[in-house]
Amino acid sequence: MVSTGAPGTGVARRPEPPPVRAARLEDLLGDPAAHRPAGHRALLAADRRGRPPAEAEALLDDFGIGAELVPRALGGHFDSAEGLLRILRPAARRDLALGAGVLDSFAAASPVWAAGRPDQREALAALLRSGERAALVAPAGLADHTLQIRGPGLHGAAAGIAQLPRARALVAFPRREPERTGHTALLLDPAALPPDRARLRPRAPGPGLRHIPYGDLEFTDCPVPGGSLLGAPGDGMPLALRSLRTARTLTAALCVGAADTALRTAALAGRPEGNSRGTRAGSERLDPRHTAAVLGAAFADLLLCDSLALAATRALHLRPAESALCSTAAASLLPRLLRGTLQDLSTLLGARILAEEGGAGIVAKHLRELPALDDAARCRAALIPQLPLLARESFSREPEPSGELFHPGGPLPPFAHAPLTTAARRDSLSAVLLATAEQPFPDDPAGRTLATLTRRLRADFLDLRDTARALPVPRPGHAAAPGWFALADRYVLLLAAAAVLGVWRHRRAAGDSFLADPDWAAAALHRLATRLGAPAVDLPASCTARLHTEVLARCARRESLDLYRTALAG
């Protein structure tokens, strides 16, 4: 049995809290500007080769990253989605693919934790704790494949499966034919499948996450091993939708780590210490006011995205029946919005971003990888069927959630798959936007701007509600009218605004030294209002100055730029 304590101790004990473990991993990975296994030079070299960064992954294995994916009841450390996010942020700041690659195994394991028999769960837990990986073939409709169970055998093909070439466990969701009774979940051992009936082939690296290994598989009348069924036959799709929600939420939230690195790199690029941090100062002479404006706007984007990521991650525990909305909104918005943020920041890096070296090279790598995580089209399709019911029965009728939803690192109840629903009938997050608009704001330039923006966004939300009530309801199996797609995009931005206001209000009540200020919230809502096409409101210069000052101060103190403000190595 693998120890549940620190690697190598052989003594079972309660694991350290996630922030302590995250700090330990940060120190283990070390200064990314130095010549280290998880440094910029090694990670970029692995990316150019199209191979996993073996030495960096070995550090993760030494840390015991596999145990972070296993529930505590099975000898692992996982007990909260937010805790796992805290653990993976250090990896994602250095290399987005490094963090996303860990979540590939978590996505494959989640259906087993939710519906597996005790022996299946214990066997997979042992595999992951020992450093092995798992791969997932999601149901058709969530992934492109032709897998089916026909008679006693598996048939069909699936392409582009992350981690397949080295996976010791495979979770697949083939259709049941010819009855067409939905999808069935299977837990398979790839090494135990007959090679003439199950052909697994590595795939050449693609243009996105180049050093995550991908593979293709093809089944031809492959016997389904006894004992491989997960849950009941035909229950695969709802199991997949519930189980994959946590991985989808965390994958989107990892994108904030990429933005953190890009913002830090751009902030340090023109400073003398930039050379010692692996970022060459270029010959470009930038207007300091323009630089401050770009850095401030990027910081506002990072904070608004992390606010939505925080609400989505904690909703998995605190509001499980509504978590489908927050998770889908985060997955839809964060990779797309933050890619634009990185493009803006790249203008401060100039030609050095083309050299693909140091921090600027990592920014270029993140820019290439974010589109691979962009699931906006599928997320819109998931949101649209929920909007008519929400508009009729929930919007402007729900009480706002408690402040626990917006408390970074606050206590959470145990995680459970069962309460997660496949769709939401209620939306309490948007109630924060409506309730905040009725409350007093600070009487200073930032506070008055925040009040104006909040009330205009409230009007936009009520207009969205009325429009959704008036549009013809989409019919199942038919394409939705174009207006629904525009409404889904607006809705996601308004949920992000509500998350920003939730974090600002409740961190203000807690006396947070930075998040209590209206400056960052006003800047974040200004960015969202601009994207929504809301009437222009001038952002006070004090807001940009406050954000710019905070970025520089955190860089000087070696602190992360996200909501957690954690100490960094180096």
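Strand pairing in two open sheets

In this predicted model, 3 bridges join strand 2 (residues 148–150) to strand 5, and the two run parallel.

Student: Which residue of strand 5 stands opposite Arg150?
Tutor: Strand 2 covers residues 148–150 and is joined to strand 5. Arg150 therefore has to be matched across that parallel pair, where two strands count as paired with at least two bridges between them. The residue of strand 5 that stands opposite Arg150 is Glu177.

Student: Which are the edge strands of the sheet with the order 5-2-3-8-7?
Tutor: This open sheet has 5 strands with mixed pairing. An edge strand here pairs on one side only. The edge strands are strand 5 (175–177) and strand 7 (198–203).

Student: How many bridges pair strand 3 with strand 8?
Tutor: Strand 3 spans residues 153–162 and strand 8 spans residues 214–223. Gly156 stands opposite Phe219 in strand 8. The two strands pair in the antiparallel sense, and the number of bridges is 7.

Student: Which residue of strand 8 stands opposite Leu200?
Tutor: Strand 7 and strand 8 pair in the antiparallel sense over 6 bridges. Strand 7 runs over 198–203. Opposite Leu200, in strand 8, stands Leu217.

Student: What residue in strand 9 does Ala185 stand opposite?
Tutor: The other open sheet has 4 strands in the order 1-4-6-9, with mixed pairing. Its edge strands are strand 1 (133–137) and strand 9 (229–230). Strand 6 (residues 185–188) is joined to strand 9 by 2 bridges, and these strands run antiparallel. In strand 9, Ala185 stands opposite Leu230.

Note on methods
Residues are numbered from 1 along each chain as its sequence is written. This is a predicted model: local features need pLDDT of at least 70, side-chain atom pairs count only at pLDDT 80 or more; totals for chains, interfaces and linings use all residues. Side-chain values use heavy atoms; hydrogens and water are left out.
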